[in-house]
Amino acid sequence: MWAELFETHAHATQVLHHNIPQAGLEPPARTDASYARWATLDSTVKQWIYSTICFDLLATFMEKGSTAMATWNRIASIFEDNQNSHVVALDQDFISTRMDDFPSVSVYCQRLKHISDQLRNVGAPVSDHRLVLQLVSGLTEPFRAVATLIRQSEPLPPFLKVRSMLILKESGLAKMSGSASRTALHTSTSHPRNSDDST
């Protein structure tokens, strides 16, 4: 997530080539007249990296005299080490995620989407189809009817539409629960129990 945000910012400010090699935008020689400006921009990009990464990582990859690209590559290597182990752990987390562990549909969907994004980042992308099926399979009992409707749809609706359907269902369930509570309260206050009534 940090890398995506950083690359977007670097691209918007036209300095992405200081992180990712691009043809025709290689660093100039130290003797070149444009080197001083390039070095200033490179230090700026490196400063952005230093100021937006957590301190523990900063102490791990920081190296005096390093370029922004070398710094970027060292960070990437930290996250790409043991990639297969990361895939196994994330995939296990993905398939074991269930809605009853979360306070709402929105948080449940957010968690599954976050794990799928992490899997994509380590080279094991999750298709929207699989994401929807996993989302539906982890739903709780009150969502059984809408889960069946989603499974039987051809083609399977996309993740964002399924999320909207589930949030709408959750809202309906909350209204029904509130209405039932008010009805029960009204009944109990309208017909108070007589203390002389026999049990």
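1. Overall make-up. The protein has nine helices and zero strands. Along the sequence the elements run α-α-α-α-α-α-α-α-α. The coordinates are those of a predicted model. Of the 199 residues of the protein, 28% count as buried. Where two contacting residues are at least 6 apart in sequence, 56% of such contacts join residues at least 24 apart.

2. Confidence. The mean pLDDT of the protein is 86, and 88% of the residues reach 70 or more. The highest confidence is in helix α7, residues 128–137, with a mean of 96. The lowest is in helix α9, residues 159–190, where the mean is 75. A reader going through the model may want to keep these two helices in mind.

3. Aromatic pairs. The count of aromatic pairs comes to seven. One of them is formed by Trp-2 and Phe-6, whose ring centres are 5.2 Å apart with 40° between the planes. This pair is classed as tilted, because its angle falls neither under 30 degrees, as for stacked rings, nor over 60, as for edge-to-face ones. Both residues belong to helix α1, residues 2–12, and sit four residues apart, about one turn of the helix.

4. Burial of that pair. Which of the accessibility classes does Trp-2 fall into? Trp-2 has 23% relative accessibility and so counts as partly exposed. Phe-6, with a relative accessible area of 6%, is buried. Trp-2 and Phe-6 also belong to one aromatic cluster together with Trp-48 and Trp-72.

5. Ala-3 and Trp-72. Helix α1 also holds Ala-3, which is partly exposed because its relative accessibility is 32%. Ala-3 and Trp-72 are 69 residues apart along the chain, and their C-alpha atoms are separated by 9.4 Å. Trp-72 is the residue already named in the cluster with Trp-2, Phe-6 and Trp-48.

6. Thr-71. Thr-71 is part of helix α4, residues 68–80. Is Thr-71 buried or exposed? Its relative accessible area is 0%, so Thr-71 counts as buried. Leaving out residues up to four places away in sequence, Thr-71 touches Lys-46, Ile-49, Tyr-50, Phe-61 and Ser-66.

7. Packing of α6 and α7. Two packed helices are described by the angle between their axes and the distance between the axes. For helix α6, residues 105–121, and α7, the angle is about 140° and the axes are 11 Å apart. Their crossing is right-handed. On the α6 side the contact is made by Tyr-108, Cys-109, Leu-112, Lys-113 and Ser-116, and on the α7 side by Leu-131, Gln-134 and Leu-135. By type, the residues of this contact divide into five nonpolar, two polar and one charged.

8. The loop between α1 and α2: Gln-14. Most residues other than glycine have a negative phi, and most peptide bonds are trans. Gln-14 has a phi near 60°, a positive value in a residue other than glycine. Gln-14 is found in the loop between α1 and α2, the latter being residues 35–52. With a relative accessible area of 68%, Gln-14 is exposed.

9. The loop between α1 and α2: Leu-16 and Leu-25. Leu-16 also has its place in the loop between α1 and α2. Leu-16 is buried because its relative accessibility is 15%, under the 20% cut-off. Apart from neighbours within four places in sequence, Leu-16 is in contact with Glu-7, Ala-10, His-11 and Gln-22. From Leu-16 to Met-69 the C-alpha distance is 9.5 Å, with their positions 53 residues apart in sequence. Leu-25 is found in the loop between α1 and α2 as well, and is partly exposed at 41% relative accessibility. Leu-25 and Val-15 are ten residues apart in sequence, and 9.8 Å apart from C-alpha to C-alpha.

10. A cis peptide bond. Which residues does a cis peptide bond join? The bond lies between Glu-154 and Pro-155, with omega about -5°. Pro-155 has its place in the loop between α8, residues 144–151, and α9. Helix α9, on one side of this loop, is the helix with the lowest confidence.

Technical notes:
Residues numbered from 1 in each chain as written. Predicted model: local features only at pLDDT ≥ 70, side-chain atom pairs only at ≥ 80, totals over all residues. Heavy atoms only, no water. pLDDT = per-residue confidence, 0-100. Phe/Tyr/Trp six-rings, centres within 6.5 Å; stacked < 30°, edge-to-face > 60°. Buried < 20%, exposed > 50% of the residue type's maximum accessible area, 1.4 Å probe, protein only. Axes fitted to C-alpha atoms, helices over the stretch in contact; angles between N-to-C directions. Left-handed = near helix turned anticlockwise from the far one by under 90°. Contact = heavy atoms within 4.5 Å. Nonpolar A, V, L, I, M, F, W, Y, C, P; charged D, E, K, R; others polar.
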